[in-house]
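Trainee: Could we go through this model together? I would like to see how the terms are justified.

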Amino acid sequence: MRRIAVTGASGLIGSALVRSLTADGHHVVRLVRRTPRTEDEVRWDPEGGRADAAGLAGCHAVVNLAGAGVGDRRWTDAYKRRVRDSRVNGTAALARAVAALDDGDRPRVLVNGSAIGYYGETGDRVVDEDAPPGTGFLPELCVEWEAAADPARQAGVRTVFTRTGLVVSRHGGAWGRLFPLFRAGLGGRLGDGRQYWSFVALHDEVAAIRHLIDTDGLSGPFNLTAPNPLTNREITAAMGRVLHRPTPFAVPAPVLRSVLGEMAGDVLGSARVVPKRLLESGFRFAFPDIEGAIRAAL
């Protein structure tokens with residue numbers, strides 16, 4: 001049994017990870033913004049850049065999944081600051097707290113969230129972890145987000161970045177919004193549908209995080225995406241087949257831009273990302289294809 005601290009424990013990925021860890025007998029410590037109510041909770045203030053280092057002492061790993069939802073609201077300047085501060089300031093706070101601990105109390109590994117937004121627009125080009133960052137809000141955010149973990153790395157803590165794709169789940173994220181539309185027969189492609197979507201089943205996302213925690217020697221960025229990204233048009237067709245619903249509709253790009261503003265660029269953008277380092281590390285996907293991932297979500 002290991003003691004593992006998790007931020008974002010109530011989110012889509014965090015709650016699934018906590019369930020998986022506790023089912024195997026591990027002791028999960030949740031970082032919370034309010035006053036802790038139990039010994040399993042540790043206080044932190046991600047936007048303010050503060051974390052209780054003493055509460056992390058003796059943890060085998062810290063998994064940082066906290067951050068304001070990128071797709072939850074229109075990207076106003078104020079909301080972009082919130083998205084940035086919740087990730088960058090929170091990561092910096094954890095990294096400093098981990099680095100401040102004595103060697104014997106310091107966690108062995110920090111698994112820090114990131115996103116395939118790091119690569120920006122890739123078109124039809126296949127990219128892996130060796131690719132440089134793109135340009136724009138999300139790539140710049142991811143670069144800063146990952147750099148904020150540097151104090152932990154410099155202190156000798158094995159530091160891993162999970163560049164996560166679109167998580168296939170009916171409980172949240174982009175797919176949480178898609179499932180009701182497709183079930184109602186209102187699903188369809190976005191824009192021309194030629195943009196690549198790099199997806200990952202929630203089951204595989206959690207399994208990959210645990211693989212990165214447990215496998216000594218792994219550090220740096222890992223793309224958490226299924227091996228074969230597909231176009232939005234192909235994914236739309238797969239949703240229709242699995243749910244036995246027609247997919248006749250399409251949302252034109254100008255409409256998306258008028259509704260979503262700057263965020264439409266991320267929805268219409270193409271990211272053909274593959275998990276080169278994850279596969280090389282020996283990880284095997286339970287749901288490498290889109291239909292399997294959709295059925296697992298159901």
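Mentor: Happy to! Let's start with a strand pair: strand β8 (residues 158-164) and β13 pair in the parallel sense over five bridges. This is a predicted model, where local features need pLDDT of at least 70, side-chain atom pairs count only at pLDDT 80 or more, and totals for chains, interfaces and linings use all residues. Residues are numbered from 1 along each chain as its sequence is written, and side-chain values use heavy atoms, with hydrogens and water left out.

Trainee: What makes β8 and β13 a pair?

Mentor: Two strands pair if DSSP finds at least two bridges between them. With five bridges, β8 and β13 therefore meet that definition. In one of these strands, β13, proline 221 is the bridge partner of phenylalanine 161. Strands here are DSSP runs (E, at least two residues), helices are runs of H or I with at least four, and both are numbered from the N terminus.

Trainee: Why are β4 and β13 said to stand at the edges?

Mentor: The open sheet has eight strands in the order β4-β3-β2-β1-β5-β6-β8-β13, with mixed pairing. β4 (50-51) and β13 (220-224) each have a single partner strand, so one side of each has no neighbour in the sheet.

Trainee: What makes the largest cavity, of about 40 Å³, a cavity?

Mentor: On a 1 Å grid over the protein atoms alone, a cavity is a set of points where a 1.4 Å probe fits but cannot get out, while a pocket is an open set with protein on both sides within 12 Å along at least five of seven lines. Points are joined across faces, edges and corners, and the volume is the space filled by probe spheres set on them. The structure holds two cavities of 30 Å³ or more, and about 30 Å³ of space lies in the second largest cavity.

Trainee: How do you know which residues line the largest cavity?

Mentor: Lining residues have an atom within 4 Å of a point. Among them are Leu178, Phe182, Trp197 and Met239. The largest share, four residues, comes from α7.

Trainee: How many residues of each class line the largest cavity?

Mentor: Six are nonpolar, three polar and none charged. Ala, Val, Leu, Ile, Met, Phe, Trp, Tyr, Cys and Pro count as nonpolar, Asp, Glu, Lys and Arg as charged, and the others, Gly among them, as polar. The Gly188 in this lining therefore counts as polar. For the second largest cavity, the lining has three nonpolar, one polar and three charged residues.
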